[in-house]
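Biologist: I should like to learn how to read a protein model feature by feature. May we work through one together?

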Amino acid sequence: MLETLPWVGFGLFCAASLWVGIRLLRLWTRTRQVAELLAAGALLLIGPLGFGGVVLSSALESYSLALANVVWALAAASVNAGSAACYGFSKRVFRPGEPRVRATVITLMLALAVCWFGELWTHRFDASRPSGPFTRASDWLRVGALAWGAFEALRYHARLRRRLALGLAEPLLVRRFLLWGLGLGGAALSCSIDATAKLFVDRALDYAALTLLDAAAGTLAAACLFLSFLPRRGRRSTPSPIVR
């Protein structure tokens, strides 16, 4: 029973990421704004395509190791690309026109690419054995992308709350920034638990405290992402809470 809890949180996060990502993708087809595309790419590539591919790779291992290796390699590429999109989205929306931030983001994107090719070179994405240090490094780069996005959204939410007190901001927009920040924060916490556990143990699910914390973080991320893009009843609203 306890071992199934993280999978529940994981499944909810993937489902919420799929739903929100598709809505953002549909919005991008109308606006053609890069920010919407980056946000959609981050959610879809990390969630259903990336994490979903990792689960599929594990399921395929007993049937065809070669196929499992290919699926794992594609899933890792998807997660890293989604992390890069997450960095790009935060830079474009929250830190436009800052050359140092731009240079840092480009460096982190290149590091994600290096990690994928490094894992391919050293471990060939062999699903039958633990991943190598390049994948461990990419795990923390993903945590950084999600945590930074959460920090920027919550920081902007605090600014909007001050404007709300003066009647210069919409309550719905303020609430959506909060939910977006909490959603990314929950995802960052879940990923950091997984990344930390992999440094010390083979199976984090063998530890009850880690299992419960991981499940709670994944469920929080899913709920907040879903609610942040939930249209208001009785009127049409833009599905993006923070894209300007």
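Modeller: We shall go from the overall fold to the core, the cavity and some single residues. Please keep in mind that this is a predicted model.

Biologist: Let us begin with the fold. How many helices and strands does the secondary structure of the protein come to?

Modeller: One first lists the elements and their order. Here there are seven helices and zero strands, and from the N terminus the order reads α-α-α-α-α-α-α. One may then ask how contacts are spread along the chain. Of the contacts between residues at least 6 apart in sequence, 72% join residues at least 24 apart.

Biologist: How does one read the span of a single helix?

Modeller: One compares its end-to-end distance with the value expected at 1.5 Å a residue. Helix H5 has 33 residues and reaches 49 Å from its first C-alpha to its last, close to the expected 48 Å. Helix H3, with 30 residues, reaches 43 Å, close to the expected 44 Å. Just after H5, Gly 167 takes a positive phi of about 75°.

Biologist: What share of the 244 residues is buried?

Modeller: Buried residues make up 47% of the 244 residues in the protein. One can also ask this of a single helix: H3 is mostly covered, with 22 of its 30 residues buried.

Biologist: What is the general idea behind a nonpolar core?

Modeller: In soluble globular proteins, nonpolar side chains tend to be buried together. In this model, the largest nonpolar core has 46 residues, and those with the most contacts inside it are Leu 24, Leu 146 and Trp 180. Helices H1, H2, H3, H4, H5, H6 and H7 each supply at least two residues of this core. The largest share, nine residues, comes from H5. Apart from this core lies another, of eight residues, including Leu 60, Ala 73, Ala 76 and Phe 125.

Biologist: Which residues does Leu 146 touch, not counting those up to four places away in sequence?

Modeller: Leu 146 touches Ile 46, Cys 86, Leu 184, Ala 187, Ala 188 and Cys 191. One of these partners, Ala 188, can be read from its own side. Ala 188 is in helix H6, and it counts as buried because its relative accessible area is 7%, below the 20% cut-off. Leaving aside residues up to four places away in sequence, Ala 188 touches Val 143, Leu 146 and Ala 147. Ala 188 and Trp 140 are 48 residues apart in sequence, and their C-alpha atoms are 9.5 Å apart in space.

Biologist: How does one look for empty space inside a model?

Modeller: Rolling a probe the size of a water molecule over the atoms shows where empty space is left. A search of the whole structure finds one cavity of 30 Å³ or more. About 100 Å³ of space lies in the largest cavity. Of the 16 residues that line the largest cavity, the closest to its centre are Ala 42, Leu 43, Cys 86, Leu 146 and Leu 184.

Biologist: Which helix gives the most to the lining of the largest cavity?

Modeller: H2 gives the most, with five residues. H1, H2, H3, H5 and H6 each supply at least two residues of the lining. By class, the lining has 12 nonpolar, four polar and no charged residues.

Biologist: Why does Ser 190 count as buried?

Modeller: One compares its relative accessibility with the cut-off. Ser 190 counts as buried because its relative accessibility is 17%, under 20%. Ser 190 lies in helix H6. Leaving aside its neighbours within four places in sequence, Ser 190 is in contact with Asp 214, Ala 217 and Gly 218.

Biologist: May we close with a loop? Where is Gly 132 found?

Modeller: Gly 132 is found in the loop between H4 and H5, and it counts as buried at 3% relative accessibility. Not counting residues up to four places away in sequence, Gly 132 touches Glu 119 and His 123. The C-alpha atoms of Gly 132 and Glu 119 are separated by 6.5 Å, with their positions 13 residues apart along the chain.

Biologist: And how should His 123 be read?

Modeller: His 123 lies in helix H4 and is buried, with a relative accessible area of 17%. Leaving aside its neighbours within four places in sequence, His 123 is in contact with Arg 129, Pro 130, Ser 131, Gly 132 and Pro 133.

Terms used:
Residues are numbered from 1 along each chain as its sequence is written. This is a predicted model: local features need pLDDT of at least 70, side-chain atom pairs count only at pLDDT 80 or more; totals for chains, interfaces and linings use all residues. Side-chain values use heavy atoms; hydrogens and water are left out. A nonpolar core is a set of buried Ala, Val, Leu, Ile, Met, Phe, Trp, Tyr and Cys residues joined through side-chain atoms within 4.5 Å. Buried means under 20% relative accessible area, exposed over 50%, partly exposed in between (1.4 Å probe, protein chains only). Helices (H or I, at least four residues) and strands (E, at least two) are DSSP runs, numbered from the N terminus. Contact means heavy atoms within 4.5 Å. The expected span of a helix is 1.5 Å times one less than its number of residues. On a 1 Å grid over the protein atoms alone, a cavity is a set of points where a 1.4 Å probe fits but cannot get out, and a pocket is an open set with protein on both sides within 12 Å along at least five of seven lines; lining residues have an atom within 4 Å of a point. Grid points are joined across faces, edges and corners, and a volume is the space filled by probe spheres set on the points. Ala, Val, Leu, Ile, Met, Phe, Trp, Tyr, Cys and Pro count as nonpolar, Asp, Glu, Lys and Arg as charged, and the others, Gly among them, as polar.
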